[in-house]
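Q: Can we go through this model and check the labels against their cut-offs?
A: Sure, here it is.

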Amino acid sequence: MTEMTPTPILEFENVDTYYGNIQVLYDINFKVYPGELVCLLGGNASGKSTTLKTILGVCKIKKGTVKLRNERVNGLPTKKIIARGVAIVPENRRIFPRMTVLENLEMGAYLRSDKNQVKEDIEKIFELFPRLKERINQAGVTLSGGEQQMLAMGRALLSNPDILLMDEPSMGLSPRLVDQQFELIEKVNRQGTTIFMVEQNANMALSIAHRGYVLQTGSIVLTDTAQRLLNNTMMQEAYLGGTEACETSGGTKIP
Amino acid sequence: MNIYLEQLPQQLINGLTLGGVYALIAIGYTMVYGILGMLNFAHGEIYMIGGFTGWWVLHLLTRNNQVIMNSALVISLMIVLAMAVSGLVGILTERFAYRPLRNAPRINLLLSALGVSIFLQNLVLTYQGAKVRVFHIASLIPQDLRVFHVGSTVFSFMRVMVISVTFLLMALLTVVIKKTKVGKAMRATAQDIEAATFMGIDVDRIVVVVFLIGSALGGAAGTMVGLLFTQVDYYVGFQAGLKGFTAAVLGGIGSIYGAMLGGILLGLAESLAVTFLPSAYKDVVAFTILIIILIIRPQGLMGEKIPEKV
Ligand SMILES: Nc1ncnc2c1ncn2[C@@H]1O[C@H](COP(=O)(O)OP(=O)(O)OP(=O)(O)O)[C@@H](O)[C@H]1O
Ligand SMILES: [Mg+2]
C-alpha cells in the first residue's frame, strides 16, 4: 500500500472509545483509501460495531482523531457526518418495521434535496433488487431476512455515499444468500463505492476484500492484504478454522 | 327501549364531540410516548393553558358583552393562538425539563414530568387565580343559529364546529405523518431511534416537532372544550389528561391512529353510558375501560406487541 498516495477517505488515529467509563476501543489506527474494500474482522464483543458507531459519531471518543478525507469529524453530530458521504448498513439491518419498502428507501435519501434524482435512483435500486419493487408497499417487518438485507443495502446506497459501512452483512442469512450478498458488495465496490465492512465470517470477507484489520478485545492486532491474511497462521487458527496454512507470511503484527 | 333509540343520534353527536377532543389530547400523549417512551404527565396542563389562552383571546375581543369582530374570526383566533401558546409551552418543557434527562433513567423523566405538571398548575394559579373563568359565548353566535333541530336531535353550533375542527386537525395530521418528509422522519424515529440517526435524521429536532404538534393539538382541545362547556380553571388539565391518557392506552399507546380511534370510542362510550346510567357514572366509564384494557389487551386496540427495545 506504500505506493498509494491519495488521502485516505477514512482514517483513525489513536482512537480510544468508551461507553461511560468502560473503555471498548484501545488506540485504534487504520486507513481506508478511495475505492478500497476493507474489512474489519473480529469475534463477538471485540468492538467491531463500536468502531462503526465511532465513525458515525454515535459513540464518543476520549482520545485520538477520526478523519474523513483528512478532516477531523469526531465531535460532529451524526447528521453532519452522514452528510459528508457516509452511509451504513447496520447490524441486524434495522429496517423501519412499520414503514413501507418505498418509505424505507426514502429515509436513506433523507439528507438529499434533489427530489427527482432520488426518484430515479430509487428506480435503479429496484432494477438491482426486483424483489423489492414487487414489495414496494409492504411494511418492512413483513420482509424475509434476505429481502431486509437488500432493503438495508438499497437504503444505504440511496444517500449516494462515498464510503459505505457494513456491519456483519452475512448475519442471519442462509449460505446461498451470503454468497449473493458478498457478490453484491463486491459489485457495489467495483462501481466505485469505498466499503468498510465489519465481519465475523473472515473467510467470506477476505475473499472479496482488498485488505483487512483484525480486532481483538478492542485492539487491532493484525493487518495485511486480504490474500496474505487468508494464508496467515494466526488467522487460520483464530478465525478461519483452517489447519492447512500454506505459508506463514508475517503480516503486520501489532503488539 | 324506544326512548333509548330516540336518544341515540343525540348521544352519537355528543359522543363524537367529546371523542374528538379526547382524541386530540390522546395524540399528544401517544406521540411523545412513541418517541421518548415517557408519559408526559404535564400534557393535561398544556391542554389547560390552551383553554386559558382561548379564554383570554375571547375576553380581549369582547367589548360590552359584544365580540368586536366576525365570530368565525374570533373562534379561529382562539383556536390558532391556543395552539401557538400551548405548542410553545410544550417545546419549552421539552427543552428545559426533559431533554437534559434524555439519558437518565426513565423514572427521572417521569418525575420531571410530574414536576412540570405541578409547576404549570401553580403558575396559572398564581397569575390567574383559582376562580373559574367563564367563556361569554352569548354574543359569539346569534341566538337563532345556536341550535338547530333535525327530528328530535338537537345540533348545537358549537358541537358541529368542534367535530369539524377536530376531524380537520386529525386529517391534517394524517397527511403530515403519511406524506411529508418530517412526518416520515417522525415515524422512523419512533420506530427505531438509532436507525433514524443513521439516516441523518436530527432526532432532537424531531422531538421538538413532536412536542410542538402534540401540544398544539392539546391546546386546540383546551379551547374547544372551553367553547363547549364555557368554563376553564387551573385544574381542568387533570381530568382531561386522564381522559386523554385513557384514550391513548385504549387505542394502543404509541399509535397515532390508535389515539384517534381510542379517543372517539371513549367519547362514544361515555356518552352512550349516560343514556343508561345516571350521569354521575360518566367518569367511571373511562376508568373502567382503562382497567379492562390494561388487563385483557395491554397493547391497546391498535398497538402492537413489540418486544422491549434493546
Ligand atoms: N451501549 C453500550 N453500553 C455499554 N457497553 C457496550 C455498549 N455497546 C457495546 N458495549 C460493549 O462494548 C463491547 C464491544 O461491543 P460491540 O458491539 O462493538 O462488539 P462487536 O464486535 O460488534 O460484537 P458482535 O460481533 O457481537 O456484534 C462489548 O463488550 C459490549 O458489551
Ligand atoms: Mg456488532
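Q: Why does E183(A) count as exposed or buried?
A: Buried means under 20% relative accessible area, exposed over 50%, and partly exposed in between, with a 1.4 Å probe and protein chains only. E183(A) comes out at 56% relative accessibility, so it counts as exposed. This residue lies in helix 7 (residues 175–190) of chain A; helices (H or I, at least four residues) and strands (E, at least two) are DSSP runs, numbered from the N terminus.

Q: What sort of model is this, and how is it numbered?
A: This is a predicted model, where local features need pLDDT of at least 70, side-chain atom pairs count only at pLDDT 80 or more, and totals for chains, interfaces and linings use all residues. Residues are numbered from 1 along each chain as its sequence is written, chains are lettered from A and ligands numbered from 1 in the order in which they are written, and side-chain values use heavy atoms, with hydrogens and water left out.

Q: What makes helix 1 of chain A largely enclosed?
A: Seven of the eight residues of this helix (residues 48–55) are buried, so the rest of the structure largely encloses it. The buried ones are K48(A), S49(A), T50(A), T51(A), L52(A), T54(A) and I55(A). Just after the helix, G57(A) takes a positive phi of about 75 degrees.

Q: Which residues are closest to ligand 1?
A: With "near" meaning that a heavy atom lies within 4 Å, 13 residues surround ligand 1, and the closest are N44(A), K48(A), S49(A), T50(A) and E91(A). Helix 1 of chain A gives the most to this shell, with three residues.

Q: How do you know that T50(A) makes a polar contact with ligand 1?
A: A polar contact is a pair of N or O atoms within 3.5 Å; within protein, one must be able to donate a hydrogen and the other to accept it, and residues adjacent in sequence count only if both atoms are side-chain atoms. An oxygen atom of ligand 1 is 2.5 Å from an N or O atom in the T50(A) side chain, so the pair meets the within 3.5 Å cut-off. Polar backbone atoms join in too: one of G47(A) is 3.0 Å from a ligand oxygen, and one of S46(A) is 3.2 Å from a ligand oxygen.

Q: What makes S49(A) and E91(A) donors to the magnesium ion?
A: Donors are N, O and S atoms within 2.8 Å of the metal (3.2 Å for Na, K and Ca); water is not among the atoms, so sites may look incomplete. S49(A) (OG) and E91(A) (OE) coordinate the ion, ligand 2, at 1.9 to 2.6 Å. S49(A) lies in helix 1 of chain A and E91(A) in the loop between strand 6 (86–89) and helix 3 (101–108), so the pair ties together parts 42 residues apart in sequence. At 16% relative accessible area S49(A) is buried, while E91(A), at 26%, is partly exposed.

Q: Why is the pair of Y29(B) and F245(B) called edge-to-face?
A: Rings of Phe, Tyr and Trp (its six-membered ring) pair if their centres lie within 6.5 Å; planes under 30 degrees apart count as stacked, over 60 as edge-to-face and the rest as tilted. Here the centres are 6.0 Å apart and the planes at 65 degrees, so edge-to-face is the label. Y29(B) is in helix 1 (residues 2–36) and F245(B) in helix 10 (residues 236–251) of chain B, 216 residues apart.

Q: What label do the rings of Y234(B) and Y235(B) get?
A: Their centres are 5.9 Å apart and their planes at 55 degrees, so this pair is tilted.
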